[in-house]
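Trainee: Please take a close look at a single part of this model for me. After that, go on from there to the rest of it.

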Amino acid sequence: MNEIIKLSNTTLVVTFRCNLKCKLCAVSAPYYKEPPHYSVELLKKSIDRYFEAVDHVDKFTVNGGEPLVHPQIAEIMDYALKYIDRMDMLEIITNGSIAPSKELAQVLQKSEKVDILIDDYGKELSKNVDKMIGIFEEYHIKYRRRKYYGSDAHLGGWVDLSNISLKDRSEEDTAQIYKNCAYPGPFHCFVLMGGKAYICGVYKRCVSEGVIPDIEDEYVDFLNDSWNLEVTKKKIANFYNRKFFSACKYCSG
Ligand code: SF4
């Protein structure tokens, strides 16, 4: 299967650890008793395997938890830059609470395709937005600020995906929920967590809490040595042919 694989969005979660505790966190980071945290070796291997199978991705996002709490975030970003010719944008999404180190700024300034998205939750939580912006401007690093508080919050504010319980819905209704969902749609198509790509953070939470089993047909395991490249590419293609995933039955969408 020599098919060229082009994806619109992929998010690499480097850690579920976070210095904030957002109730409606999109990946449910505060709900993990022991938030998964990934080693730099595992993340490098995940990036390599991903780009063995994927020819191009419009946007490759590094996220958490809070990605800047990962002590080796500079090394991880530098590694992702190896593949910058295969992406249109290399993004970090941060909560604006931790100013980047000089080491990180020096890495991020290596490409104009690097673009930082600062989610601003207000001065009390996103304490270092101004300092962060100062550093990005000094190093000529692109950034965007997304206001996430007040009546004019981005897209009307938080989306509540926290209620995970089997919903009383027909298969058709679940398929409609999935069809309208931002994850398979214009937002993230792929969330890489610990080497496995899932459709969204809700799926991972459902698996972690034992609500659903980790179903082989519903993820792409980039670190599975028994899968050859052809199998991996087929799995990616199958991702786009689904009516919905098991977790969607438990999700408000
Ligand atoms: S579980 Fe399904 S409906 Fe819910 S966020 Fe994920 S893809 Fe969307």
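Mentor: His-140 has a relative accessible area of 70%; the cut-off for exposed is over 50%, so His-140 counts as exposed. Keep in mind that this is a predicted model. His-140 belongs to the loop that runs between α4 (129-138) and β5 (142-147). Its backbone deserves a look too: the phi of His-140 is near 55°, a positive value, and the residue is not a glycine. Most residues other than glycine have a negative phi.

Ser-28 makes a useful partner for this. Ser-28 is not a glycine either, and its phi is positive, at about 60°. Ser-28 also sits in a loop, the one between β1 (6-13) and α1. The surroundings are another matter: Ser-28 has 4% relative accessibility and therefore counts as buried, while His-140 is exposed.

From that loop, move on to helix α1, which covers residues 40-53 and contains Phe-51. Phe-51 counts as buried because its relative accessibility is 3%, and buried means under 20%. Leaving aside residues up to four places away in sequence, Phe-51 touches Val-57, Phe-60, Tyr-83, Arg-86 and Met-87. The C-alpha atoms of Phe-51 and Ala-80 are 10.0 Å apart, with the two positions 29 residues apart in sequence.

Ala-80 brings us to helix α2, residues 73-80, where six of the eight residues are buried, so the helix is mostly covered. The buried ones are Ile-73, Ala-74, Ile-76, Met-77, Tyr-79 and Ala-80. An α-helix has 3.6 residues a turn, so residues three or four places apart point the same way. What do the buried residues of α2 pack against? Their partners are α1, β2 (56-63), β3 (87-94) and α3 (102-108).

Further along the chain, helix α7 (residues 229-239) holds Lys-234. With a relative accessibility of 45%, Lys-234 counts as partly exposed. The C-alpha atom of Lys-234 lies 9.5 Å from that of Val-220, and these residues are 14 places apart along the chain.

Next, the ligand. The space it takes is the largest cavity. Around it are Ile-177, Tyr-178, Cys-181, Tyr-183, Ile-199, Cys-200, Val-202, Ala-247, Cys-248, Cys-251 and Gly-253. Of this shell, ten residues are nonpolar, one is polar and none is charged.

Last, step back to the protein chain as a whole. Its secondary structure comes to seven helices and eight strands. Its radius of gyration is 18 Å, close to the 18 Å that the globule rule gives for 253 residues, so the chain is as compact as a globular protein of that length. Along the principal axes, its C-alpha atoms fill a box of roughly 50 × 45 × 30 Å. Buried residues make up 51% of the 253 residues; Ser-28 and Phe-51 are buried, and His-140 is exposed. Among contacts in the chain with a separation of 6 or more, 75% join residues 24 or more positions apart.

Notes: Residues are numbered from 1 along each chain as its sequence is written. This is a predicted model: local features need pLDDT of at least 70, side-chain atom pairs count only at pLDDT 80 or more; totals for chains, interfaces and linings use all residues. Side-chain values use heavy atoms; hydrogens and water are left out. A residue is near a molecule or strand if one of its heavy atoms lies within 4 Å of it. On a 1 Å grid over the protein atoms alone, a cavity is a set of points where a 1.4 Å probe fits but cannot get out, and a pocket is an open set with protein on both sides within 12 Å along at least five of seven lines; lining residues have an atom within 4 Å of a point. A molecule sits in a cavity or pocket if more than half of its atoms lie within 2 Å of its grid points. Ala, Val, Leu, Ile, Met, Phe, Trp, Tyr, Cys and Pro count as nonpolar, Asp, Glu, Lys and Arg as charged, and the others, Gly among them, as polar. Helices (H or I, at least four residues) and strands (E, at least two) are DSSP runs, numbered from the N terminus. The radius of gyration is taken over C-alpha atoms; the globule rule is 2.2 Å times the number of residues to the power 0.38. Buried means under 20% relative accessible area, exposed over 50%, partly exposed in between (1.4 Å probe, protein chains only). Contact means heavy atoms within 4.5 Å.
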